[in-house]
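Here are some short exercises, each followed by a worked solution. Have the sequence and the 3D view ready, and try each task before reading on.

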Number of protein chains: 4
Amino acid sequence: MQSRTAASRPGRPRSAAADAAILAATREALVELGWSKLTLGDVATRAGVAKTTLYRRWSGKNELVVDAVAELFDELRLPDRGTLAADIEGVVLQFAAILARPEARSGLMAVVAESTRDDALRDRIRESIVDRQKRLVLEGRARAQARGELPPEPDASESARTVDLIFDVIAGAVVHRALVSAEPVDAAWARGFTALLLEGLAAAGTA
Amino acid sequence: MQSRTAASRPGRPRSAAADAAILAATREALVELGWSKLTLGDVATRAGVAKTTLYRRWSGKNELVVDAVAELFDELRLPDRGTLAADIEGVVLQFAAILARPEARSGLMAVVAESTRDDALRDRIRESIVDRQKRLVLEGRARAQARGELPPEPDASESARTVDLIFDVIAGAVVHRALVSAEPVDAAWARGFTALLLEGLAAAGTA
Amino acid sequence: MQSRTAASRPGRPRSAAADAAILAATREALVELGWSKLTLGDVATRAGVAKTTLYRRWSGKNELVVDAVAELFDELRLPDRGTLAADIEGVVLQFAAILARPEARSGLMAVVAESTRDDALRDRIRESIVDRQKRLVLEGRARAQARGELPPEPDASESARTVDLIFDVIAGAVVHRALVSAEPVDAAWARGFTALLLEGLAAAGTA
Amino acid sequence: MQSRTAASRPGRPRSAAADAAILAATREALVELGWSKLTLGDVATRAGVAKTTLYRRWSGKNELVVDAVAELFDELRLPDRGTLAADIEGVVLQFAAILARPEARSGLMAVVAESTRDDALRDRIRESIVDRQKRLVLEGRARAQARGELPPEPDASESARTVDLIFDVIAGAVVHRALVSAEPVDAAWARGFTALLLEGLAAAGTA
DNA sequence: CGCTAATCGAGACGGTACGTCTCGTCTTACC
DNA sequence: GGTAAGACGAGACGTACCGTCTCGATTAGCG
């Protein structure tokens, strides 16, 4: 027993193609115009869609951009480079590569800024973008444990706390380096940063 | 040899009080409205000033908000709590306290977002906000060296690289924890994070 | 030999009830909203009918309102009050009573306004509303002739011209009094106006 | 002592040229598009003016069109053709000539239609358009009295009632003939109508 | 009893205009 | 020349209807 599926609702069904066209047009407009000059009317035009169609699906610019940007980060993959350090360096460089794309830089920071005054938006960002990528941390740890680089987890709650800390440090540092300091996130930096992180974790863990 | 000072120019001199009133009104508007709903006309009204006066001094919303927010971060002080770890924890908590204020959260992230498409703005942010606070890292290191907690610097360029890395990690992690993860930056978190940072630096340094 | 009647066409026949419901809903909406805020979507909803059903029967708002209003004026009856003057006064008051109803005021003038740029619409108004009521003039004259108040018609074309003139004067004056001057069309006014009309006709006729 | 005149108010004064340009553009748009397809955005564009400028002066389409149309009827003049009948015929033909212009036909009837649901608008129409033209009736009567065609007025209230009646009959009949019956208001019709009116008035007056 | 075909409801679609808002500039009079 | 006030041209906002379309579900007559 489920509530009416989309297929069985009366009336003309929503166009599936429109959603994809709108999100692609949003990213295109972010590249060309940036967040602040992006207008929903322009996005609709680019997508070959009426403004009403866009507003029927998203309640505003913020929500639309979250969805458009979220798809970008789903491209992240944990590479298997043999050691935990090398795996982390790989993810850091991939993350930096995405942040180098104008649609990601502009869109991501803007919605984070907006989310400081809109709890629903902040939750949406966490669900659609941030928490989805914690999988990378979990996957990396599991792989390192399989290799024998890390011991198995003893305590579940401690484990979750550590995952969050690692995530804040990696994501925060890379974003700050790339967008605020505006210095290159290259292999050398990634190596230095990864060393700091792993040594810090190891020492803190044995303490 | 200077170009005409303000005092010696012909005509009515600019009101000094106006600048302060405008910046204060900007912060007030950021608290109440947030970045995206803040309008320059409204700021001018709050400051009891004509729009023309505002535009004569700042070229736009971005520049105005950078200046309004920059003043907030100048309140940061490195406390002397006896050990390097305690000093860092103190700064982290102060930083988090500022980020808890709506005018800082909303304004800072928004101008960073705008700066992704405006190099002049990014430089202005770095000069007015970010680089000014690197003094805290330098001060902290000097104090730790005086205490004998850290060895004297051997290499100037290596030293600069390390300062940047520390700054990216601290600022990035705290911002991410506070604004994106939206979890509390409390004493416990500060202790764990500081431990990770210092152990990581120590190990990486000796390597 | 006729083209396929409705009954013999294949497929589901049109609902007869829908037409009446739509016209009633149109009048109801005219009362509540007036012409300019009346929307076909709202009429359809009020009539419990889909927009498609409405558009299948009427090509637009103008045509729909003409039909909805036309039914109102078919209520007019020539009373038998014993003299021509009294009969005319009776019709004038009936006409004014209809014009006092909001659905008639608003709808009638609006479609006349629209008809200034749409010849087909003007013809439709004449056929559905105006010319149908000329019966009242003809009936009144015939009755007056039977009573001996008026001589029999001598000239057919002259007669038609007079009917048109009478109609323009009566309809025009009552509408102007009621809708533009916004003064009451009461028994006193009707008596004065009828006197002017009949004396004018009598004198002009004998000239 | 008056409340602040326009000239002494602070700030930039409103452009006088804009008002004229907007009213002219409104009439132009009425000619080309008619009432229902006239849009305020289009009028603003034609006038070389921003939409805000238009809305600052008029609250909506109705008020704008009343003012635009009112200017047309101020062109009416009472000709001196030697006799009262000839004078009336002249005014009737002038009135018909104005009603033949599309901007007058379309605009006038539409605002009258709207005024059936908006008392403020109806008053505005009466003040700006209708009552201003009663001057023609008064002027015509005075001239006829000077010529000896009519006796001097005995009773003021009776006189006002008669002026209103005459005005409703003339304006109503001409409008109905021109716009609803859509028959020509030519010299022959004007002669017949004027005869009816004057004979009716004379007979009713002596009664 | 199925087949065919037009109807019905619902509601999404591409458009267009709405009336409001903010932008950054300009034009006043006053100081 | 700086200032407060406020009008200006420009253009985006989010909403409301337009008239059309695409659905699945009726509902008739004909074979």
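**Exercise 1.** What percentage of the 207 residues in chain A is buried?

Before solving it, some housekeeping. This is a predicted model, where local features need pLDDT of at least 70, side-chain atom pairs count only at pLDDT 80 or more, and totals for chains, interfaces and linings use all residues. Residues are numbered from 1 along each chain as its sequence is written, while chains are lettered from A and ligands numbered from 1 in the order in which they are written.

Solution. Start with the term: a residue is buried if 20 or more other C-beta atoms (placed from the backbone) lie within 10 Å of its own, exposed if 12 or fewer, and partly exposed in between. With that rule, 37% of the 207 residues in chain A are buried.

**Exercise 2.** Describe the build of chain A.

Solution. First, count elements: chain A has nine helices and zero strands. Helices (H or I, at least four residues) and strands (E, at least two) are DSSP runs, numbered from the N terminus. Next, look at the extent: the C-alpha trace of chain A spans about 60 × 50 × 35 Å along its principal axes. Last, take the contacts in chain A between residues at least 6 apart in sequence: 66% of them join residues at least 24 apart. Two residues are in contact if their C-beta atoms, placed from the backbone, lie within 7 Å.

**Exercise 3.** Check helix lengths against expectation.

Solution. The expected span is 1.5 Å times one less than the number of residues. Helix α8 of chain A (residues 156-181) has 26 residues; 38 Å is expected, and its first and last C-alpha atoms are 36 Å apart, which is close. Just after α8(A) sits A:Ala182, with a positive phi near 60 degrees. Now try α5 of chain B (residues 84-99): its 16 residues should span 22 Å, and because its end C-alpha atoms are 23 Å apart, the two agree. Among the buried residues of α5(B) are B:Ile88, B:Val92 and B:Phe95.

**Exercise 4.** At what angle do α1(A) and α6(A) pack?

Solution. Axes are lines fitted to C-alpha atoms, for helices over the stretch in contact, and angles run from 0 to 180 degrees between N-to-C directions. The angle is about 75 degrees, with the axes 8 Å apart. Angles under 35 degrees count as roughly parallel, over 145 as roughly antiparallel, 65 to 115 as roughly perpendicular and the rest as oblique. So α1(A) and α6(A) are roughly perpendicular to each other. The residues making this contact include A:Leu30 and A:Trp35 of α1(A), and A:Pro102 and A:Ala110 of α6(A).

**Exercise 5.** How many residues do chain A and chain B bring to their contact?

Solution. Chain A brings 39 residues and chain B brings 40. On chain A's side, α8(A) has the largest share, 13 residues. By class, that side has 21 nonpolar, nine polar and nine charged residues. Here Ala, Val, Leu, Ile, Met, Phe, Trp, Tyr, Cys and Pro are nonpolar, Asp, Glu, Lys and Arg charged, and the others, Gly among them, polar.

**Exercise 6.** Which residues come nearest to DNA strand E?

Solution. A residue is near a strand if its C-beta atom, placed from the backbone, lies within 6 Å of it. Of the 46 residues around DNA strand E, the nearest are A:Gly11, A:Arg12, A:Ala50, C:Gly11 and D:Arg12. By class, this surface has 13 nonpolar, 18 polar and 15 charged residues.
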